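This report describes selected features of one protein chain, taken from a predicted model. The sections below treat its sheets, a helix, its cores and several individual residues.

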Amino acid sequence: MDTEGFLQRIGIAGYDGPPRLEALSQLHQAFVDTVPYETVQYQFGEGGPLDPEDVAKRIIARETGGYCFQLNGTFALLLTQLGYRVEMHRGGVQTPNHPGIVDGSHMVLTVSGLIEDPEREWLVDVGMGDGLVTPMPLEAGDDHQEPFDLRLRASEKVDGWRLDHDPRSSLVGMDFESAAVGLDAFAAQHARLSVGPDSPFVRLASAFRRKPKSVVVLRAVGLTETFADRVDRTIIDNPADYFGTLADVFYLPLPHLDATRRDHLWRRVWSQYQEFLAKQPA
């Protein structure tokens, strides 16, 4: 990975020193605030890379963000090159429409070896969209990460952990195994989720940015931002505003897309919105 180029991409200059909690938190917050969780890249039927070096090149070029395998895989590589001890874990996300089976459809990271307490472990996850702003200690307890309240506890599904998410989030929770795995443990799920016609990532173009005190989400052409005291909602009704939102709000200008592919994407997301409206009660 071009470590220096990636640090510049997430707005961190002059990184130096041994692995510390303060630096890990800074890296985590900068990553989720500047690199979007997004499935826009999967709207062309071509899939996307899993290899962290290939993903990093596209993120640096602002061609894509990523989803959990890509974002956490790239963050794991970045942290490893900066001297952190990182492990990957198989997980599963629960939503109102998905039971949250731990089938390796989500990648989770844990980090240890920090200079303050080398044996203490930390939950690190930059690939949940509206998930963590900063790492959580890998121990049972509550954490408020504006605007959400989170709880970490022992999982009832696997030998591992459960993160209960705030009711205002799009997530109910996430379970993951304690056992560490390699990147190849996610290859089959990545192949299915990135190109499968039944994949939720192929069927709906979305983008998430986890700001320090809010989360902003674009689903098809519906833009929402959740704060502690309110939720702002907007419908984007023209392609200029749609691509402007991707560039200005999600730092995703998509320089590799020509006019034909931009037109294809706009027509696709507008169609997704129309399909959503058709399913609503009169």
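## The five-stranded sheet

In this predicted model, five strands form an open sheet in the order S1-S10-S11-S12-S13, with antiparallel pairing. Strand S1 (37–38) and strand S13 (231–235) stand at the edges; each has a single partner strand, so one side of each is left without a neighbour in the sheet.

Within this sheet, strand S11 (residues 215–219) runs antiparallel to strand S12 (residues 222–226), and five bridges join the two. In this pairing, Arg219 is placed opposite Gly222 of S12.

## Strands S7, S8 and S9

Strand S8 (residues 160–164) is mostly covered, five of its five residues being buried. On one side, S8 is joined to S7 by four bridges in an antiparallel arrangement, and the two strands are linked by a hairpin of five residues. Ala154 has Trp161 in S8 as its bridge partner.

S8 also pairs with strand S9 (residues 173–177), again in the antiparallel sense, over five bridges. Here Gly160 has Glu177 in S9 as its bridge partner.

The segment that precedes S7 contains a cis peptide bond, from Glu146 to Pro147, with omega near 5°. Pro147 belongs to the loop between strand S6 (141–145) and strand S7 (148–154).

## Helix H8

Helix H8 (residues 259–278) consists of 20 residues and reaches 29 Å from its first C-alpha to its last, close to the 28 Å expected at 1.5 Å a residue. Its buried residues are Leu265, Trp266, Val269, Gln272 and Tyr273. Viewed down the axis of H8, these buried residues fall within an arc of 125°, so they line one face of the helix. The face turned away from that buried side carries the exposed residues Ala259, Thr260, Arg267 and Ala278.

The cover over the buried residues of H8 includes helix H6 (200–203), S13 and helix H7 (239–248). S13 is thus both an edge strand of the five-stranded sheet and part of the cover of H8. At the N-terminal end of H8, Asp258 acts as a cap, with a side-chain oxygen 3.2 Å from the backbone nitrogen of Thr260.

## The loop between H7 and H8

Two residues in the loop between H7 and H8 have positive phi values: Tyr251 and Leu254. For Tyr251, phi is about 55° although the residue is not a glycine; Leu254 likewise has a phi of about 55° and is not a glycine. Their accessibility is as follows: Tyr251 is partly exposed, with a relative accessible area of 27%, whereas Leu254 is buried, at 3%.

## Nonpolar cores

The largest nonpolar core has 59 residues, of which Ile10, Leu27, Phe75 and Tyr84 touch the most other members. Helix H4 (residues 68–81) supplies the largest share of this core, seven residues. Leaving aside neighbours within four places in sequence, Phe75 is in contact with Leu27, His28, Phe31, Leu109, Val124 and Val126. Leu27 is therefore both a contact of Phe75 and, like Phe75, one of the core residues that touch the most other members, where membership requires a buried residue joined through side-chain atoms within 4.5 Å.

Another core, of 21 residues, lies apart from this one and has Val221, Leu246, Leu257 and Trp266 among its members. Trp266 is also one of the buried residues of H8.

## Gln189 and Lys213

Gln189 is located in helix H5 (residues 187–195) and is buried, with a relative accessible area of 13%. A polar contact of 3.0 Å joins its side chain to that of Arg192. Apart from residues up to four places away in sequence, Gln189 touches Tyr67, Phe69, Asp103, Gly104 and Ser105.

Lys213 lies in the loop between strand S10 (206–210) and S11 and is exposed, with a relative accessible area of 62%. Not counting residues up to four places away in sequence, Lys213 touches Glu146, Pro147, Thr226 and Phe227; Glu146 and Pro147 are the residues that flank the cis peptide bond. The C-alpha atom of Lys213 is separated by 32 Å from that of Gly47, 166 residues apart along the chain.

Key. Residues numbered from 1 in each chain as written. Predicted model: local features only at pLDDT ≥ 70, side-chain atom pairs only at ≥ 80, totals over all residues. Heavy atoms only, no water. Pairing = 2+ DSSP bridges. Buried < 20%, exposed > 50% of the residue type's maximum accessible area, 1.4 Å probe, protein only. Polar contact = N/O pair within 3.5 Å; in protein donor to acceptor, adjacent residues only side chain to side chain. Contact = heavy atoms within 4.5 Å. Expected span 1.5 Å × (residues − 1). Arc of directions from axis to C-beta.
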